[in-house]
Amino acid sequence: MKPNPHEPPPTDPGPENPELQRQNPTSFAPPRSDKGSVKNFRYPFSFSHNRVTPGAGWAREVTVRDLPIATDIAGVNMRLEKGAIRELHWHIPAEWAYMLTGRARITGVDFEGKAFVDDVGVGDLWYFASGIPHSIQAISDDGCEFLLAFDDGEFSEFDTFLIADWMARTPPEVLAKNFGWPSNVFDAVPREQLYIFNAPMPGSLAEDRKRAIGPEGQVPNPFSHRLLAQPPRRRDKSGEVHVADSSNFKASLTIAVAHVCVRPGGLRELHWHPNADEWQYYIAGEARMTVFEGGSKARTIDFHPGDVGYIKKALPHYIENTGQTDLEFLEIFKSDRYQDISLSQWISHLPSELVEAHLHIDRKLIESVPKQKQVIVPS
Ligand code: MN
Ligand code: MN
């Protein structure tokens, strides 16, 4: 639990926030292997300013304004009560989602008029490409909660193109001409954003699909994907890993994900990602991560459910399960493919004399390192 503890431990007679200090032991007493100044790579959603619609739901975001190094991806955590709708809208970046609780009905239409309607539940994903109009409605008794990731760290969920908001900002005579209806029809359109609002529950999925689909048919590649229902890339006593990118979730052209579960005492092995920055979301359990920055710099931070982590492309790191329960988190990348390079796999593919000359570790031990990527250890 306490690597390389300071002896004697640091004392702290002055002012302190005891709850935060308890949650962040490696900030107050870092491992002695930490060195130098590494920019902050954690932001808890608990610190985010929430946008609440009483009785209908809420949304809070972590963007580059909160976590300045997170330039590739912005995240949103949203809650919808039973029947509540996230207003019909679209936006410039692509939207990727992971369902955390409950079930939702989602809709979208592509540029050819091909329709998409589906119901998603815990462990399912969706992906709406840049500019694709969509909606989300909670359909289970306890509503739903989900995580959104946008492929632009600057993006704000509170600046999207909302259907009623756009119509309220278009002259009624133009709307009348556009639809061929009398202009007083548009007197009823809300003048303010709906954003998140209560509505009656929708009908059956089959009925909604039938009404949505026109002669153009359905979208060729579904906008949803059952991540946790697919076969895991790896599953053993140390944990399990599910990966979705454009190779198996064809619609997801700009976001790749690994859902990682590490059993107590396990470690997401020392590794890095050669192709993209990593945006992390912690779902369950307790974790500790050290990021090595080069130039002899390293920093360790503790993570808790609801926290966002961020690692710049190619910076090496590990994630240790420091709790008594399973650690569950998402590794999200702005990329069409999931890629990682493992320290163990690297040295297992080198002449052992070459490794021994660097690390002064007996070559017999070097030769015992498995050539297959471990991902989670011990395995
Ligand atoms: Mn959206
Ligand atoms: Mn990683």
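User: Which word describes His 89 and His 134, buried or exposed?

Analyst: His 89 is buried, and His 134 is buried as well; the term requires under 20% relative accessible area, whereas exposed means over 50% and partly exposed lies in between (1.4 Å probe, protein chains only). This is a predicted model, in which local features need pLDDT of at least 70, side-chain atom pairs count only at pLDDT 80 or more, and totals for chains, interfaces and linings use all residues. Residues are numbered from 1 along each chain as its sequence is written, chains are lettered from A and ligands numbered from 1 in the order in which they are written, and side-chain values use heavy atoms, with hydrogens and water left out.

User: What makes His 89 and His 134 donors of the manganese ion (ligand 1)?

Analyst: A donor is an N, O or S atom within 2.8 Å of the metal (3.2 Å for Na, K and Ca), and water is not among the atoms, so a site may look incomplete. His 89 (NE2), His 91 (NE2), Glu 95 (OE) and His 134 (NE2) coordinate this ion at 1.9 to 2.2 Å, so they satisfy the limit. Along the chain their spacing is H-x1-H-x3-E-x38-H. Because His 89 belongs to strand E5 (residues 85–90) and His 134 to strand E10 (residues 134–138), the pair ties together parts that are 45 residues apart in sequence. A strand here is a DSSP run of E with at least two residues.

User: Which residues coordinate the manganese ion (ligand 2)?

Analyst: They are His 271 (NE2), His 273 (NE2), Glu 278 (OE) and His 317 (NE2), at 2.1 to 2.2 Å. Their spacing in sequence is H-x1-H-x4-E-x38-H. Glu 278 in strand E19 (residues 278–284) and His 317 in strand E23 (residues 317–321) are 39 residues apart.

User: Why is Glu 278 called buried?

Analyst: Its relative accessible area is 1%, so Glu 278 meets the condition for a buried residue. His 317, with 2%, is therefore buried too.

User: Why is Ile 341 called partly exposed?

Analyst: Ile 341 has a relative accessible area of 30%, so the middle class applies. Ile 341 is found in strand E25 (residues 341–342).

User: How do you know that strands E3 and E4 pair?

Analyst: Pairing requires that DSSP finds at least two bridges between the strands. Six bridges join E3 (residues 57–62) to E4 (residues 74–80), so the condition is met. These two strands run antiparallel, and Gly 57 stands opposite Leu 80 in E4.

User: What makes E2 and E14 edge strands?

Analyst: The open sheet of seven strands has the order E2-E3-E4-E11-E6-E9-E14, with antiparallel pairing. Strand E2 (51–53) and strand E14 (224–226) each pair on one side only.

Conventions. Helices (H or I, at least four residues) and strands (E, at least two) are DSSP runs, numbered from the N terminus.
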